[in-house]
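Visitor: I would like a close look at a single part of this protein, the salt bridges, together with the elements that surround them. Please take the time to set them in the context of the whole chain.

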Amino acid sequence: LREEKEFLDVTLGSIDDAVVTLDLQHRVTFLNRRAEMMTGWSSADAFEHDMHEIVTLHELPLASEISSVAGALTADSAPPLLARDLGTGGVARLTSAAGIRVAVEYTVMGLNRPHAGAHSVLVLHDVSQATQMAHSLSFQASHDALTGLFNRTAFDAKVEQALSSAGKFQHEPVLLFLDLDQFTVVNDSC
């Protein structure tokens, strides 16, 4: 049994995903090393605490609904996800004991152990870098690198969106056009 426990400890300690096991009452029974790092709790301190004290997850809005990843990670509008709300998986913001927030992809799996009763396993995969990279690529595709303003494609899309909503909500959009005299000279010299 000692060898088996050591094998499991080494295996779970070597993976890069956070693994949290829960009992039927959603109390923590185990955290691997990555889960300890991500939550800010040690496995011993977290033992038999309610999951929501240890793993604080908030639903992240869809990528199309957020203007920035940083904004989504710092927004506190969504209530914490409860164990019954987790379903089988999704994407959420994890807040550690120290207040550090990261985007995670989570998976919940039921585990029926004959001698220990039903448990569940919560696996958290840090996707904050991938999310940040996707946001950065999206920003670069729609903005001018020098000025940070919308490029032509993004501008056209915003105009189409404004015209579409104008017809729907019966209001008139306005476009302000500024023409700077000798702008080429200013642009070349500055």
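Guide: What follows goes through the salt bridges one after another and then through the elements around them. The model is a predicted one, and every value below should be read with that in mind.

The chain has eight helices and six strands, and from the N terminus on these elements follow the order α-β-β-α-α-α-β-α-β-β-β-α-α-α. Of the 190 residues in the chain, 25% are buried. Within this framework the structure holds four salt bridges. As a general point, side chains of opposite charge can pair when their charged atoms come close.

One of the salt bridges joins R27 to D23, with the closest N and O atoms 2.9 Å apart. The two partners are covered to unlike degrees, since D23 has 11% relative accessibility and therefore counts as buried, whereas R27, at 31%, counts as partly exposed. The hairpin of strand 1 and strand 2 has five residues between the strands, and in this hairpin H26 takes a positive phi near 65°. The two strands run antiparallel and are joined by three bridges, with L22 standing opposite V28 in strand 2. Strand 1 itself is mostly covered, as five of its five residues are buried. From this strand A18, V20 and L22 point one way, while V19 and T21 point the other way, and all of them are buried.

A second salt bridge is formed by the side chains of D126 and R34, at 3.7 Å from N to O. This pair links distant parts of the chain, because D126 belongs to strand 6 (residues 117-126) and R34 to helix 2 (residues 33-39), and the two are 92 residues apart. Here R34 counts as buried at 18% relative accessibility, the cut-off for that term being under 20%, whereas D126 is partly exposed with a relative accessible area of 26%. The contact also belongs to a wider arrangement, for D16, R34 and D126 are linked in a network of salt bridges.

The elements that hold R34 and D126 also take part in the nonpolar interior. The largest nonpolar core has 20 residues, and those with the most contacts inside it are V20, V55, L57, L94, L122 and L124. Two or more residues of this core come from each of strand 1 (18-22), strand 2 (28-31), helix 2, helix 4 (51-54), strand 4 (89-95), strand 5 (101-113) and strand 6.

Another salt bridge lies in helix 7, where the side chains of D156 and R152 meet at 3.6 Å from N to O. The two residues are separated by about one helical turn, because they are four residues apart in this helix, which covers residues 152-169. At 66% relative accessibility R152 counts as exposed, while D156, at 35%, counts as partly exposed. Helix 7 is also the place of F155, which counts as partly exposed at 37% relative accessibility. Together with F150 and L175, F155 makes a nonpolar surface patch of about 320 Å².

Helix 1 offers a contrast to the covered strand 1, since zero of the 13 residues of helix 1 are buried, so this helix lies largely in the open. Helix 1 covers residues 2-14 and reaches 18 Å from its first C-alpha to its last, close to the 18 Å expected at 1.5 Å a residue. Within helix 1 lies L8, which counts as partly exposed at 42% relative accessibility. L8 and N32 are 24 residues apart in sequence, and their C-alpha atoms are 10.0 Å apart in space.

Two loop residues complete the view of the backbone. E48, in the loop between helix 3 (43-46) and helix 4, has a phi near 65°, a positive value in a residue other than glycine, and is partly exposed with a relative accessible area of 49%. Q182 is placed in the loop between helix 7 and helix 8 (183-189), where its phi is near 60°, again a positive value in a residue other than glycine, and Q182 is exposed with a relative accessible area of 59%.

Terms used: Residues numbered from 1 in each chain as written. Predicted model: local features only at pLDDT ≥ 70, side-chain atom pairs only at ≥ 80, totals over all residues. Heavy atoms only, no water. Buried < 20%, exposed > 50% of the residue type's maximum accessible area, 1.4 Å probe, protein only. Core = buried A, V, L, I, M, F, W, Y, C linked by side-chain atoms within 4.5 Å. Expected span 1.5 Å × (residues − 1). Patch = residues over 30% accessible without salt bridge, like charges linked within 9 Å, V, L, I, M, F, W, Y side chains within 5 Å. Areas by Shrake-Rupley, 256 points an atom, 1.4 Å probe, with all protein chains shown as cover. Pairing = 2+ DSSP bridges.
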